[in-house]
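Please open the model in your viewer and keep the sequence beside it, so that each stop can be selected by its residue number. The tour begins with the whole chain and then moves from one residue to the next.

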Amino acid sequence: MHALPMMSEYDCELCHSPGGEELWADSHCRVVRVTSHEGTTFPGFCRVIWQPHVAEMSDLTEREASHLMRIVQAVERTLRQQLAPDKINLASLGNLVPHLHWHVIPRWHDDSHFPSPIWATPSRIGAPRIIPSSTALSTALHQQLLPRSHDQ
């Protein structure tokens, strides 16, 4: 059995680059809009990236994990409100980049890959979608993340 070499923060892509266009950040995590081909094919596709280099959710304290999931849920709510997708896919894979991050992906029944994952082979030409502005997404996300009395 061959083990994959361990990656450190020194050679981690997400430690040295934003990972997309930043929409929101705090000292624990950042939300970025995916700007690659995937971001065009699946408009609004975002990643929630934990700031310090850790590989797994179990590396976080319960409080940190709760904070991260609050941000993931806020991104999901934002995308649902802004884009009205048929479904939201959430994934934390990190096989190629073992730095804790969540994919938050709006999906439609007529997209190029539905119902398969976005990393599968496309099954059709997807229906064209309007790509939301980063300003609109960022503003809506900031609104979702306003402090609430029970968060303090």
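What follows is a walk through a predicted model, beginning with the overall picture and then stopping at single residues.

**The whole chain**

Show the protein as a cartoon first, and look for 4 helices and 5 strands, which make up its secondary structure. If you trace the chain along the sequence, these elements come in the pattern α-β-β-α-β-α-β-β-α. Turn the model along its principal axes, and the C-alpha atoms will be seen to fill a box of roughly 50 × 40 × 25 Å. The radius of gyration is 16 Å, which agrees with the value near 15 Å that a compact globule of 152 residues would have.

Now switch on the surface, of which the protein exposes about 9000 Å², with carbon and sulfur atoms supplying 55% of that area. Of the 152 residues, 40% are buried. Among contacts with a separation of 6 or more, 53% are between residues 24 or more positions apart. If you colour the side chains by charge, you will find 12 positive and 16 negative ones, and the centres of the two sets lie 9 Å apart.

**First stop: histidine 103**

Select histidine 103, which belongs to strand β5, a run covering residues 101-107. Is this residue buried or exposed? Its relative accessible area is 6%, and because a residue under 20% counts as buried, histidine 103 is classed as buried. Next, display the side chain of histidine 101 as well, since a polar contact of 3.3 Å joins the side chains of histidine 103 and histidine 101. Then show the surroundings of histidine 103: apart from neighbours within four places in sequence, it is in contact with Phe45, Cys46, Arg47, Asn89, Leu90, Ala91 and Trp119.

**Second stop: glutamate 22**

Move to glutamate 22, whose place is in strand β1, residues 21-25. With a relative accessible area of 47%, glutamate 22 is partly exposed. Which residues does glutamate 22 contact, leaving aside its neighbours within four places in sequence? Select Arg30, Val31 and Val32 to see them. For a distance to check in the viewer, pick the C-alpha atoms of glutamate 22 and arginine 47, which are 25 residues apart in sequence and 9.5 Å apart in space.

**Third stop: glutamine 51**

Continue to glutamine 51, found in the loop between β3 (46-50) and α3 (62-83). Glutamine 51 is partly exposed, its relative accessible area being 26%. Once neighbours within four places in sequence are set aside, its contacts are Ala25, Asp26, Ser27, His28, Cys29, Arg30 and His99. The last of these can be followed along the chain too, for histidine 99 is 48 residues from glutamine 51, while their C-alpha atoms are separated by 9.1 Å.

**Fourth stop: glycine 39**

Select glycine 39 in helix α2, which spans residues 37-41. Glycine 39 counts as buried, at 6% relative accessibility. Not counting residues up to four places away in sequence, glycine 39 touches Val34, Gly44 and Phe45. Of these, Phe45 is also among the contacts of histidine 103. A line drawn from glycine 39 to isoleucine 105 joins residues 66 apart in sequence, with 9.0 Å between their C-alpha atoms.

**Fifth stop: alanine 84**

Go on to alanine 84, in the loop between α3 and β4 (87-91). What is the phi of alanine 84, given that it is not a glycine? The angle is positive, at about 50°. Alanine 84 is exposed, with a relative accessible area of 56%.

**Last stop: the loop between β5 and α4**

Finish in the loop between β5 and α4 (134-144), where proline 115 is found. Select phenylalanine 114 together with proline 115, and look at the peptide bond that joins them, which is cis, with omega about 5°. Proline 117 has its place in the loop between β5 and α4 as well, and it is partly exposed, with a relative accessible area of 48%. To end the tour, draw a line between the C-alpha atoms of proline 117 and leucine 60, which are 57 residues apart in sequence and 27 Å apart in space.

Methods:
Residues are numbered from 1 along each chain as its sequence is written. This is a predicted model: local features need pLDDT of at least 70, side-chain atom pairs count only at pLDDT 80 or more; totals for chains, interfaces and linings use all residues. Side-chain values use heavy atoms; hydrogens and water are left out. Helices (H or I, at least four residues) and strands (E, at least two) are DSSP runs, numbered from the N terminus. Buried means under 20% relative accessible area, exposed over 50%, partly exposed in between (1.4 Å probe, protein chains only). A polar contact is a pair of N or O atoms within 3.5 Å; within protein, one must be able to donate a hydrogen and the other to accept it, and residues adjacent in sequence count only if both atoms are side-chain atoms. Contact means heavy atoms within 4.5 Å. The radius of gyration is taken over C-alpha atoms; the globule rule is 2.2 Å times the number of residues to the power 0.38. Accessible areas come from the Shrake-Rupley method with a 1.4 Å probe; for residues, only the protein chains shown count as cover. Lys and Arg count as positive and Asp and Glu as negative; His and the chain ends are not counted. The place of a charge is taken as NZ of Lys, CZ of Arg, CG of Asp or CD of Glu.
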